[in-house]
Amino acid sequence: MATALVWFKRDLRIHDHAPLAAAAAFERVLAVYVIEPAWLASPEFDPQHLEFALGCLVELRAGLAARGLPLAVRVGEVRAVFDELQREAGFDHLLSHEETGPGWSYARDRAVADWCRARGVAWDEFPQHGVVRRLLRRTGWAARWQQRMDTAEHPIPAAFRGATVALADLPTLADLSLAPHGRSLQPAGERAGLAVLDSFLAERGGPYRRAISSPLTAESGSSRLSPYLAFGALSLRRAHQASAAEIRCRRAGDAADRAFAYGLAGFSSRLRWHCHFMQKLESEPEIEFRNFSRAHDGLREPHFDRARFDAWCAGQTGYPMVDACMLQLRATGWLNFRMRAMLVSFAAYHLWLHWREPGLFLARQFLDFEAGIHWSQMQMQSGTTGINTLRVYSPTKQALDHDPEGVYIRRWIPALARVPLGYLARPWTMPVEIQRAAGCMIGRDYPAPVVDEATSVKAAKNALYGLRRQTAAREEAAAIVDKHGSRKSGLPNTTPGQPAQRTRPPRGVDTDGVQRELFDF
DNA sequence: TCAGATGTTGCGTAA
DNA sequence: CTTACGCAACATCTG
């Protein structure tokens, strides 16, 4: 008798779920979600992640039960849990989505593959999102993404012949000896995800392009779908197709509708970037640990300054915009994209910290942590891809541009509540009398800046651009040797090489003549 | 009233 | 979708 186990991972939904749709064809079906000790122990894990997952699981379990499918939620190493389930119900097929996750999940998947081979279980993995497994070249990737996203959703089976398995209550954080995380999170679950999508497409999405920049307007003006996409409570295809449909509809409308469609189109293109970055980790899993550009190895590592790192984590750098952003993130598990980039830029350039530890810290703070996006972004914003231009954010400029009234800074840093607006971006420039009048003595009520903005940025740029010049020179030298070396094989090269030709491709076009897109590297 | 000085804005580009 | 700078075009001020 053919029995399938549907293994839920980062796909906590019923709609557009390939393994679930495939399971409908089996004579008996069971389903499981495994709370893995390796996840809980991983350095990017935070209890908020489990809380959100549990919230999704409550709803998922009810929805599956209504279709006759029991969802077991077990704590343990995956292979041990599978052994249990084999004893309890027996299964010969394992159905799951492909996962592009951190190293521990990659290692676990390989262990599961071994387990399946040893037990004679057939493991069918289905792609999720637009990430392509065993991709050799990026050529044609965008077209494949588009094609996948435009394919019809997998249908939701009406009923299953569910196997009988023991169903315990879902564990709580306390059951797993996890401390409460103290954040106020977005509501978990598939229904919540679909409702957020709906409110964005119907009401909030119009000003998207302008609204995402400021942390004030982004709170409601960005999609807020990231946690649902990260935990799979919302299918990326659903988000893509629903926004495409809304855009088509609004484009046929009046000027206000067309303006709204313009905003939604800005959002829609970002769904592709979501997969674009995940694809990097899928194709090159080492980028979680190592620099994209190995020429950057050792540049920052020996200088890691623990005190600076701690000040950054605590929101105590003395730069109000940086600190306010960190405090919002720590309180809510969310921050808009631009301000995330600013936090990373500050750690990477101003504080000259290697990206790995700040990346782990941020992974724990982001409710929507998605490994592929995360590590690609950490490296890009730190300048270790070696290709894209350095994006060094000025926290004082960002404060002036995106919080001109000081509302955001004062909201998140009570110590600065009475600092006059003119000093809010740079409170250390306040004369002592004004500090006294504002009830904010620098160094006592609010920290003095950990580093000087101008000198630290200059040093960082010098180091990175200096390295690039060297690297470029080395590569050019190597290319010249490669090209001309054979004619002189066996003889020492005594004549100096030609000076390197510096030909610059037209702006926005790389050497292959391919348009370089936003964020591309 | 005007010429020249000074200021503002917007764009292109280098790093 | 970074910042800083230079430049040009245009605006405003001033003697």
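**Reading a helix contact and two cavities**

In this predicted model, helix 6 (residues 141–150) and helix 11 (residues 236–251) pack at an angle of about 85°, their axes lying 9 Å apart.

Q: How is helix 6 oriented relative to helix 11: roughly parallel or roughly perpendicular?
A: Angles of 65 to 115 degrees count as roughly perpendicular. Helix 6 is therefore roughly perpendicular to helix 11.

Q: Which residues of helix 6 and helix 11 meet?
A: From helix 6 come Trp 145, Gln 146, Arg 148, Met 149 and Asp 150, and from helix 11 Leu 236, Arg 237, His 240 and Gln 241. The residues of this contact divide into three nonpolar, three polar and three charged.

Q: How many cavities of 30 Å³ or more does a search of the whole structure find?
A: A cavity is a set of points where a 1.4 Å probe fits but cannot get out. The search finds two cavities of that volume or more. The largest has a volume of about 800 Å³, and the second largest holds about 430 Å³ of space.

Q: Where does the largest cavity lie?
A: Domain 2 (190–283) and domain 3 (294–400 + 448–453) both give residues to the lining, so the largest cavity lies between them. Helix 12 gives the most to this lining, with six residues. The lining residues divide into 20 nonpolar, eight polar and five charged.

Q: What lines the second largest cavity?
A: Its lining has 34 residues, with Lys 9, Arg 10, Glu 99, Gly 101 and Arg 108 closest to the centre. Helix 5 supplies the largest share, three residues. This lining divides into 16 nonpolar, eight polar and ten charged residues.

Conventions:
Residues are numbered from 1 along each chain as its sequence is written. Chains are lettered from A and ligands numbered from 1 in the order in which they are written. This is a predicted model: local features need pLDDT of at least 70, side-chain atom pairs count only at pLDDT 80 or more; totals for chains, interfaces and linings use all residues. Side-chain values use heavy atoms; hydrogens and water are left out. Axes are lines fitted to C-alpha atoms, for helices over the stretch in contact, and angles run from 0 to 180 degrees between N-to-C directions. Helices (H or I, at least four residues) and strands (E, at least two) are DSSP runs, numbered from the N terminus. Angles under 35 degrees count as roughly parallel, over 145 as roughly antiparallel, 65 to 115 as roughly perpendicular and the rest as oblique. Contact means heavy atoms within 4.5 Å. Ala, Val, Leu, Ile, Met, Phe, Trp, Tyr, Cys and Pro count as nonpolar, Asp, Glu, Lys and Arg as charged, and the others, Gly among them, as polar. On a 1 Å grid over the protein atoms alone, a cavity is a set of points where a 1.4 Å probe fits but cannot get out, and a pocket is an open set with protein on both sides within 12 Å along at least five of seven lines; lining residues have an atom within 4 Å of a point. Grid points are joined across faces, edges and corners, and a volume is the space filled by probe spheres set on the points. Domain bounds come from an automatic or database domain assignment.
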